[in-house]
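These are my notebook entries on a structure that I looked up. I record each item in the order in which I examined it.

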2 protein chains.
Amino acid sequence: MQQHCRDPVVIVGGGFGGLAAARALHRMQGDIVLIDRVNHHLFQPLLYQVATAALSPADIAWPLRTLFRSQRNVRIMLDEVRGIDRAGRRIDLRNGDPVPYGCLILAPGARHSYFGHDKWEEDAPGLKTLPDALEIRDRMLMAFEKAQRLNGTPDARDELTFVIVGGGPTGVELAGALAEIGRKAMTPDFPVLQDAACRILLIEGGSRILESFPPALSRRAQASLESLGVTVLLNRRVQEVNSKGVLAGSEFIRSAHVIWAAGNVASPILTSLGVPLDSSGRVMVGPDLSLRGDPWVFVIGDAAHCLSSEDKPLPGLAAVAMQEGRYVAEIIARGIPAERRIPFVYRDRGILATIGRAKAVAQFGTVSLSGMVAWLAWCFVHIFFLIGFRNRVRVMFEWIWYYVTFKPGARLIYWKERRTKEP
Amino acid sequence: MQQHCRDPVVIVGGGFGGLAAARALHRMQGDIVLIDRVNHHLFQPLLYQVATAALSPADIAWPLRTLFRSQRNVRIMLDEVRGIDRAGRRIDLRNGDPVPYGCLILAPGARHSYFGHDKWEEDAPGLKTLPDALEIRDRMLMAFEKAQRLNGTPDARDELTFVIVGGGPTGVELAGALAEIGRKAMTPDFPVLQDAACRILLIEGGSRILESFPPALSRRAQASLESLGVTVLLNRRVQEVNSKGVLAGSEFIRSAHVIWAAGNVASPILTSLGVPLDSSGRVMVGPDLSLRGDPWVFVIGDAAHCLSSEDKPLPGLAAVAMQEGRYVAEIIARGIPAERRIPFVYRDRGILATIGRAKAVAQFGTVSLSGMVAWLAWCFVHIFFLIGFRNRVRVMFEWIWYYVTFKPGARLIYWKERRTKEP
């Protein structure tokens, strides 16, 4: 390696970006340290299926150490980053000693943002981690148990009213999955409840859902959601969330289960960099994804504010993060100095969102797909990008099983059980 | 149904016994109410594989409501039994209204017993529920992470010393599984640790492990464990357990991870019956498994003290519970009065315990098996008794996968994560 970039290369975050970068550096001499708060890489695009009991955590997560078992130049560190000391060129950790870095790739991702109303989180959990998903799964399954017990009372109605805030891909996929499990899989197990007893509302502040898709596909996605019994409310800003429900626009919707899929804010550790952040806490990076004046510190993925060719910030997609990871890895591997770097360009291979069984929308370049075709494309792409033969087989098996039997496999309530044991 | 037994038939507990009873009553007129604290039936014989990251919770658990979706006379109630009011012939619940019963089948099972040292539980968790298993899995996986960080220090050694108290099937299977995952699956992912760094000790108070098996098989099981690197300590009574380790006999063994598999005590709800209990809190039932003087209240499974033909209490096995459940169900279905009942007889179809890959012991009548043959028998029996095609396929797949790759699928740490979020 040439002098500008000394090792070790430290990568913060084992998500799509960090993973892609670490793998692309497999031939590099010298140490790579991959730091993550959890011991596994999570396939976030399918997390909503864990939250809706279709998949198990182990189906969409993979231990980081196993992923890099054969890549000897990577050292995994399970720890929480406290902050980045750029003067001392080291990472401060919660448990271990500070880790010095020669060059640094920051891929810490984002959490959901409540736009300054953090107290809403208690009543409107978001969906970013496995614990988030198991929390939502537990609440969803318990809702039917409570509704069965309270059957006929207004409380029963609130228990089975699910409100999802945010009409982006996560919100849409979650709404569709909840409608399917709620009306097709759960109600047969609760004879006293009618299918219609389970209400799902999707609240979007803008004028259409999936605004990253062409308007025609947004309309089709909305029609598909409605055919599953989801009520889609557009142009509704959320004013208030509490244990009774949510105030959307001027209407208060009573619901015991509000789920937040409205906005993201990048990891707080970025504030310790002392560089300009955008309104979502993302780092304003240069065209080479590095910090201005610090050419060997890179930020990628959901944590980076990187402008597209149309001068809009790139969306928070796995594809973006992976391409950024590989781009940065090449700069580091070849030790390209700042002045000789070609700006990062995102190659858009298309976007997909699934609504339910045989229902999806997809956009590949100028080609728009919807319905069964888009759904099959979605299944294929997600199976393909899953890591490891084992997970592919398991997920494919679960999907076929669910598709045929409508008995999702993971309807287990045990998360809260742990809680009640807390001192 | 004849007058002695009025409906509803209330079954407390959805384990092997309660499930078998409810299913055997599928043709009965009138209501059956199945009450359980959790929403799923758990295949406990494989729980240790969840604790050792080989299987996922959803592989060995099945929602009770789905199991009885097609059996219309069964009503599932997710609630906790507070007590049994025999005078009022009703069950008091934690959340719902009291449930009246015409006849009652109590199958509440057992928890692990600390022989009066309940404070040991914090430092020596047992293994009965999914939360127990995920707690142990988390501790086990975190142990290697900590040991990696503390490498070389005495603390690192304690972190990788696992002590299992109790040489019964659970203890033996857990010790074998820990040895395999610890030495074969984990250490390759932790380059700084040697295989030998992971020590597993199995402590038994008696003179041999698996004392329900013939002595020859106990010896073979011990030899198999030792070949996996497990240290078996016999004739060691546990005097004390604390966060530093365990005092076994006169020796204090330093260990950060003590797991309790030593004893059982039947569910505390049985005390509300006001009938004689044995030293393990089990109800002394009559030869027809009913309470003396209350012929339509039955106790089955781990909660019942029922004498075998050799005048010893029947062991706490799934097979016993299932046979008892079917026996009681027939009495109820046919409304057989107390005086005309044929005493329950347990048909012993054999016992099995697995130690590790291709290592097991089995006793069928007079036939003793060990090694590969016994292991295949064990696999077959457990796959066969698993409920549902889906789980059979998943578990078989996981086992083949693990057998071939030594990469157990469920090495995910997320349980404690939830805890740290507690207020």
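**Entry on Arg254(A) and its partner.** I looked up Arg254(A) in this predicted model and found it partly exposed, because its relative accessibility is 40% and the class of partly exposed residues lies between the limits of 20% and 50%. I then asked which residue forms a salt bridge with Arg254(A). The partner is Asp158(A), and the closest N and O atoms of the two are 2.8 Å apart. Arg254(A) belongs to strand β16 (residues 251-254) of chain A, while Asp158(A) belongs to helix α6 (residues 154-159) of chain A, so the pair ties together parts that are 96 residues apart in sequence. I noted that Asp158(A) has a relative accessible area of 10% and is therefore buried.

**Entry on Arg111(B) and Glu121(B).** I turned to chain B and found a salt bridge between Arg111(B) and Glu121(B), with the closest N and O atoms 3.5 Å apart. Where do the two residues of this pair lie? Arg111(B) is in strand β10 (residues 110-112) of chain B, and Glu121(B) is in the loop between β10 and α5 (130-149) of chain B, so this pair ties together parts that are 10 residues apart in sequence. I recorded Arg111(B) as partly exposed, with a relative accessible area of 28%. Glu121(B) is also partly exposed, at 32%.

**Entry on a salt-bridge network.** I next examined Asp92(A), whose side chain meets that of Arg90(A) in a salt bridge (3.4 Å, N to O). Asp92(A) is partly exposed, with a relative accessible area of 23%, and Arg90(A) is partly exposed at 34%. I asked which residues are linked in a network of salt bridges. The network consists of Asp85(A), Arg90(A) and Asp92(A). For the total, I wrote down 36 salt bridges over all chains.

**Entry on cysteines.** I looked for disulfides and obtained a count of 0 over all chains. The rule requires a pair of cysteine sulfur atoms within 2.5 Å. I then checked two cysteines for burial. Cys103(A) has a relative accessible area of 0% and is buried. Cys379(B), at 13% relative accessibility, counts as buried because the cut-off for this class is under 20%.

**Entry on a nonpolar patch.** I looked up a nonpolar patch on the surface and noted its area as about 660 Å². The patch is made by Met372(A), Val373(A), Leu376(A), Met396(A), Ile400(A), Tyr403(A) and Val404(A). Two helices, α10 (371-385) and α11 (389-405) of chain A, each supply at least two of the patch residues. Which element gives the most to the nonpolar patch? I found that α11(A) does, with 4 residues. I singled out Tyr403(A), which is found in helix α11 of chain A and is partly exposed at 31% relative accessibility.

**Entry on the two copies.** Last, I compared chain B with chain A. A turn of 180° and a shift of 0.0 Å along the axis lay chain B on chain A with an RMSD of 0.0 Å. The two copies are thus related as by a two-fold rotation axis. I also asked through what surface the copies meet. Of the interface residues of chain B, 100% are also interface residues in chain A, so the copies meet through the same surface.

Conventions:
Residues numbered from 1 in each chain as written. Chains lettered and ligands numbered in written order. Predicted model: local features only at pLDDT ≥ 70, side-chain atom pairs only at ≥ 80, totals over all residues. Heavy atoms only, no water. Patch = residues over 30% accessible without salt bridge, like charges linked within 9 Å, V, L, I, M, F, W, Y side chains within 5 Å. Areas by Shrake-Rupley, 256 points an atom, 1.4 Å probe, with all protein chains shown as cover. Salt bridge = Lys/Arg side-chain N within 4 Å of Asp/Glu carboxyl O. Buried < 20%, exposed > 50% of the residue type's maximum accessible area, 1.4 Å probe, protein only. Least-squares fit on C-alpha atoms with pLDDT ≥ 70 in both. Contact = heavy atoms within 4.5 Å.
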